Amino acid sequence: MFIYLKRVTFGFICFTMTACGGGNSSDKQTDIITAPVVSLPTAEPQLAIPDNRYADSYNVLLVGNSHVRANNLSGMLKMLLQTGSNKAMRVQVAPGGSYLDERLSDSTTVNTIQSVNWNYIILQGQKYSTSGQYSYPTEATEYWAALSKTLHATPILFPEHPRQGNADEGSRVYALHLGIAEQEPACVAPLGPAWDNARVTLPQVALYSDGNHASLAGTLLTALLFYQIISGENADELPYLPTLALSESLQSELGQLASATLQQYGACEY
């Protein structure tokens, strides 16, 4: 038996038996969820975004798919946070690699979110149309953002960077996540604009490992954005990290690009 996610309301989920809509199957991701429904914690909607930049420690959870695992993003983010602050910290990736709507039926995700007093939860895995011709429900992402705030964690939406050679995907996916944050307040990391800027200002830098996932340089750019959002400290003030297999000049350029992008686009409205 298949159940199709039609609507999420905070505190309960409504499902209906239906088939997925039409469209290009090579473009669309399926909306069908086959796993059993789990009991979800109640999330209070429309809470203000908690400002945890000045917390005594940073406990960061990344919830997503292969994009949060590429080149050990969590490890690189932890390195940046350790370098830029003297705070205790924990940076962890949630088990699994499902989309955010599919995680509504994943008890492991729920248990992981509730297992630690996270003060930042990074959310990646909102479905989107690669061609821009289709729309997908966003209620699941809104639920996870609301649950994060209910648990006093700052939700940071993680729009995927554009695929290599796709000139408009970054801005489109970023705009999609800005729309989600309008429905349920959350921080939105400006990955699309940052990667678009890098493509123009650093054309010689290989940001991709396979045309989709980030290279070491691309991962550092993404981690620098999250570092500044979480810590409130400017990414361009970080020192050179000799343990990274990237030149001092490139690390500096990526830090400047991350800080400039956040100055232009911001991320959180506290």
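## Contact criterion and overall make-up

Contact here means that heavy atoms lie within 4.5 Å of each other, and that criterion underlies the statement that Leu-191, Ala-194, Trp-195 and Ala-198 in H5 meet Gly-218, Leu-221, Thr-222, Leu-225 and Phe-226 in H6. The structure described is a predicted model.

The protein has seven helices and eight strands, and 52% of its 270 residues are buried. Among the contacts with a separation of 6 or more, 77% join residues that are 24 or more positions apart.

## The nonpolar cores

The largest nonpolar core holds 47 residues, of which Val-60, Leu-77, Leu-81, Ile-156 and Phe-226 touch the most other members. At least two residues of this core come from each of strand S4 (57-63), helix H1 (73-84), strand S5 (88-93), strand S6 (120-123), helix H5 (191-201), helix H6 (216-231) and H7. The greatest contribution is that of H6, which supplies ten residues to this core. A second core, separate from this one, consists of 26 residues and includes Leu-40, Tyr-143, Ala-145 and Leu-147.

Phe-226 can be followed outward through its contacts: leaving aside residues up to four places away in sequence, Phe-226 touches Leu-73, Leu-77, Ile-122, Ile-156, Phe-158, Ala-189 and Leu-191. In soluble globular proteins, nonpolar side chains tend to be buried together.

## Helix H1 against helix H6

The axes of H1 and H6 come within 9 Å and cross at roughly 50°, which makes H1 oblique to H6. The crossing in which H1 passes H6 is right-handed. On the H1 side, Leu-73, Met-76, Leu-77, Leu-80, Leu-81 and Gly-84 take part, and they meet Leu-216, Thr-219, Leu-220, Thr-222, Ala-223, Leu-224, Phe-226, Tyr-227, Ile-230 and Ser-231 in H6. Sorted by class, the contact of H1 with H6 has twelve nonpolar residues, four polar residues and no charged ones.

Gly-75 also lies in helix H1, and because its relative accessibility is 26%, Gly-75 counts as partly exposed. Its C-alpha atom is separated by 10.0 Å from that of Arg-90, a residue 15 residues apart from Gly-75 along the chain.

## Helix H5 and its surroundings

Within H5, Leu-191, Gly-192, Pro-193, Ala-194, Trp-195, Asp-196 and Ala-198 are buried, and the buried residues of H5 pack against helix H4 (169-183), H6 and H7.

For the pairing with H6, the axes of H5 and H6 come within 11 Å and cross at roughly 135°, and the two helices are therefore oblique to each other. H5, too, passes H6 in a right-handed crossing. The residues of the contact of H5 with H6 divide into seven nonpolar, two polar and no charged.

## Thr-261 in helix H7

Thr-261 lies in helix H7 (residues 248-265), and its relative accessibility of 1% is why Thr-261 counts as buried, the cut-off for that class being under 20%. Apart from residues up to four places away in sequence, Thr-261 touches Pro-190, Pro-193, Ala-194, Asn-197 and Gly-266. Of these contact partners, Pro-193 and Ala-194 are among the buried residues of H5.

Methods: Residues numbered from 1 in each chain as written. Predicted model: local features only at pLDDT ≥ 70, side-chain atom pairs only at ≥ 80, totals over all residues. Heavy atoms only, no water. Helix = DSSP H or I, 4+ residues; strand = E, 2+ residues; numbered from the N terminus. Buried < 20%, exposed > 50% of the residue type's maximum accessible area, 1.4 Å probe, protein only. Core = buried A, V, L, I, M, F, W, Y, C linked by side-chain atoms within 4.5 Å. Axes fitted to C-alpha atoms, helices over the stretch in contact; angles between N-to-C directions. Parallel < 35°, antiparallel > 145°, perpendicular 65-115°, else oblique. Left-handed = near helix turned anticlockwise from the far one by under 90°. Nonpolar A, V, L, I, M, F, W, Y, C, P; charged D, E, K, R; others polar.
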